[in-house]
Amino acid sequence: MSANVAFSTGTSKPRRSLSVAALSVGFALTGTGTVLLGILLPVFAEKWHLRDDGAGLLLFLQFSGSSLGAILSGLNRVRSLTIGYALMAASAFDLIFAHSSAPFAVFFCFGLGMGMAMTSTSLLFSDRWGDERAAKLEWLNFVWSLGASTCPMIVLPFVHHDDTHLVFLLILVLSLLLLAWVATMERQESPVDAHTITGTVRSPLGLVFILLAIWAMCVVGVEAALSGWLTTYSHRTGMPTLAGSAMATSVFWLGEMLSRLAFSTPLLKKIGRQTVLIWGVWGVTASTVILIAAPHPWMIVPAAGLAGIFTGPLYPILLSFLLERSARGWFFAVAGVGSAIFPWFTGVISAHLNSLRFGLLVPCAGGLAMLVIGGLVFRPTRTVPA
């Protein structure tokens with residue numbers, strides 16, 4: 001069966017289920033790839049003699065590439081997916097043989113591929129399930145968090161043997177398999193109309209849309225800053241081993257995974273998207289303050305878990321609001337700007353003030369900004385569909 005007829009409007013349920021399974025595996029892989037650099041940051045910083053601002057630049061380039069990948073993802077989701085997985089495979093291949101200096105350009109290309117893959121998959125799911133968009137996006141981001149939370153467990157055994165090349169070999173193999181699936185079995189589909197969503201108003205690019213996009217930028221930025229620096233922060237506060245330090249990052253993503261799993265059920269509709277957003281923002285701000293004030297490394301672990309729980313449902317819910325107004329990928333790039341700037345600026349502050357604790361004030365400020373934006377978006381005179 002050729003690629004252009006593999007899926008049609010009347011696709012059988014078993015074939016559609018296989019597609020969902022394959023794309024979910026790919027989304028989990030992008031979760032692992034996104035978190036990977038943060039887990040290995042202490043190793044790479046020592047290997048390539050990087051200060052915090054240099055390490056932050058690596059994070060900046062990867063997330064900048066991811067943001068650009070969102071912009072470059074076109075209306076043909078399958079073609080963008082193909083290019084994304086090809087870039088991931090090529091970058092992983094290059095990283096296997098990178099020995100001399102920090103491969104800044106390669107991490108940019110790796111992020112570029114992940115950005116195209118993540119954006120195209122999200123838009124493809126949105127096209128297929130317009131009337132169940134919020135729940136499906138929660139599911140998709142749940143499997144992303146699953147990949148992110150299992151990343152430390154997958155990576156650390158290789159790191160203990162001082163061989164990070166095997167990690168990128170695994171990414172290379174999986175990227176090639178996913179590339180083969182997408183190129184031969186997926187096809188572009190017409191979007192499912194979402195007019196059946198109760199109370200949905202497809203508004204033009206107005207103030208609410210812009211505020212929601214900025215809010216998404218802050219959410220993704222806070223998430224990226226915390227996940228990118230938690231391992232290093234935990235290690236510097238006295239955690240004796242890299243495995244123990246990585247536990248904070250793993251628990252953070254575990255919290256995100258569990259909360260996204262919970263809200264991929266009818267629970268989200270029962271509570272209401274606006275309520276989950278508001279309480280989530282308060283929770284992530286408070287837990288970030290606890291992280292900064294933690295006097296002992298073992299206090300960082302539960303605080304990281306709380307931050308993950310409260311952060312988890314925020315981006316998928318905001319994404320569902322945005323996709324109801326525009327089925328384009330540019331606002332993925334707007335959100336991606338936060339994921340590039342927040343971790344980088346955290347490293348810059350840390351390097352200049354010689355304290356990563358001060359650097360973490362950056363995601364804390366992002367949480368406060370979200371509180372302000374939430375007050376503007378959900379004020380009584382302005383109604384956003386729940």
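Is F142 buried or exposed, and what is its relative accessible area? F142 is buried, at a relative accessible area of 10%. The close-ups below visit this residue and several others in a predicted model.

**Figure 1. The whole chain is built from helices, with no strands.** Welcome to the overview before we zoom in. The protein chain holds 15 helices and zero strands. It has 386 residues, and 59% of them count as buried. The chain exposes about 15300 Å², with carbon and sulfur atoms supplying 71% of that area. Take the contacts between residues at least 6 apart in sequence: 85% of these join residues at least 24 apart.

**Figure 2. W139 and F142 form a tilted aromatic pair in helix α5.** A search of the whole structure finds seven aromatic pairs, and this view shows the rings of W139 and F142. Their centres are 5.2 Å apart, with 40° between the planes. The two residues sit three apart in helix α5 (residues 133–160), so about one helical turn separates them. How do the partners compare in cover? W139 is partly exposed, with a relative accessible area of 32%, whereas F142 is buried at 10%. Buried means under 20% here, and partly exposed lies between that and the 50% above which a residue is exposed.

**Figure 3. F44, W48 and F107 are linked into a cluster by ring pairs.** Look here at the pair made by F44 and W48: the ring centres lie 4.6 Å apart and the planes meet at 20°, so the pair is stacked. The stacking call rests on a cut-off, since planes under 30 degrees apart count as stacked. Both of these residues are covered: F44 is buried at 2% relative accessibility, and W48 is buried at 10%. Ring pairs bring F107 into the cluster as well.

**Figure 4. T34 is a buried residue of helix α1.** Helix α1 spans residues 13–47, and T34 is found within it. The relative accessibility of T34 is 11%, so T34 counts as buried. Which residues does T34 touch, not counting those up to four places away in sequence? They are Q62, F63, M114, M118 and W144.

**Figure 5. S245 of helix α8 meets H235 and other residues.** S245 belongs to helix α8 (residues 242–262). With 0% relative accessibility, S245 counts as buried. Its C-alpha atom is 5.0 Å from that of H235, although the two residues are 10 apart in sequence. Once neighbours within four places in sequence are set aside, the contacts of S245 are L230, T231, S234, H235 and M239.

**Figure 6. H49 and N354 are loop residues with positive phi.** Neither residue is glycine, yet phi is near 55° for H49 and near 55° for N354. H49 lies in the loop between α1 and α2 (52–72), and N354 lies in the loop between α13 (330–353) and α14 (356–359). Where do they stand on cover? H49 is exposed, with a relative accessible area of 73%. N354 is exposed too, at 72%.

**Figure 7. Helices α2 and α15 have end-to-end spans that agree with expectation.** At 1.5 Å a residue, the 21 residues of α2 should span 30 Å, and the end C-alpha atoms are indeed 30 Å apart. Helix α2 is mostly covered, as 15 of its 21 residues are buried. For helix α15 (residues 361–377), the 17 residues should span 24 Å, and the end C-alpha atoms are 24 Å apart. Both expected values follow because the 1.5 Å rise is multiplied by one less than the number of residues. Buried residues of α15 include V362, P363, C364, G366 and G367, and also among them are M370, I373, G374 and V377.

**Figure 8. A nonpolar patch on the surface draws mainly on helix α6.** The patch covers about 540 Å² and is made by I154, L166, L169, L170, V173, L174 and L177. Helix α6 (residues 165–185) gives the most to the patch, with six residues. L166 is in helix α6, and at 37% relative accessibility L166 counts as partly exposed. That value fits the patch rule, because patches are made of residues with over 30% relative accessible area.

Note on methods: Residues are numbered from 1 along each chain as its sequence is written. This is a predicted model: local features need pLDDT of at least 70, side-chain atom pairs count only at pLDDT 80 or more; totals for chains, interfaces and linings use all residues. Side-chain values use heavy atoms; hydrogens and water are left out. Patches are made of residues with over 30% relative accessible area and no salt bridge: like charges are joined within 9 Å, nonpolar side chains (Val, Leu, Ile, Met, Phe, Trp, Tyr) within 5 Å. Accessible areas come from the Shrake-Rupley method with a 1.4 Å probe; for residues, only the protein chains shown count as cover. A salt bridge is a side-chain nitrogen of Lys or Arg within 4 Å of a carboxyl oxygen of Asp or Glu. Helices (H or I, at least four residues) and strands (E, at least two) are DSSP runs, numbered from the N terminus. Buried means under 20% relative accessible area, exposed over 50%, partly exposed in between (1.4 Å probe, protein chains only). Rings of Phe, Tyr and Trp (its six-membered ring) pair if their centres lie within 6.5 Å; planes under 30 degrees apart count as stacked, over 60 as edge-to-face and the rest as tilted. Contact means heavy atoms within 4.5 Å.
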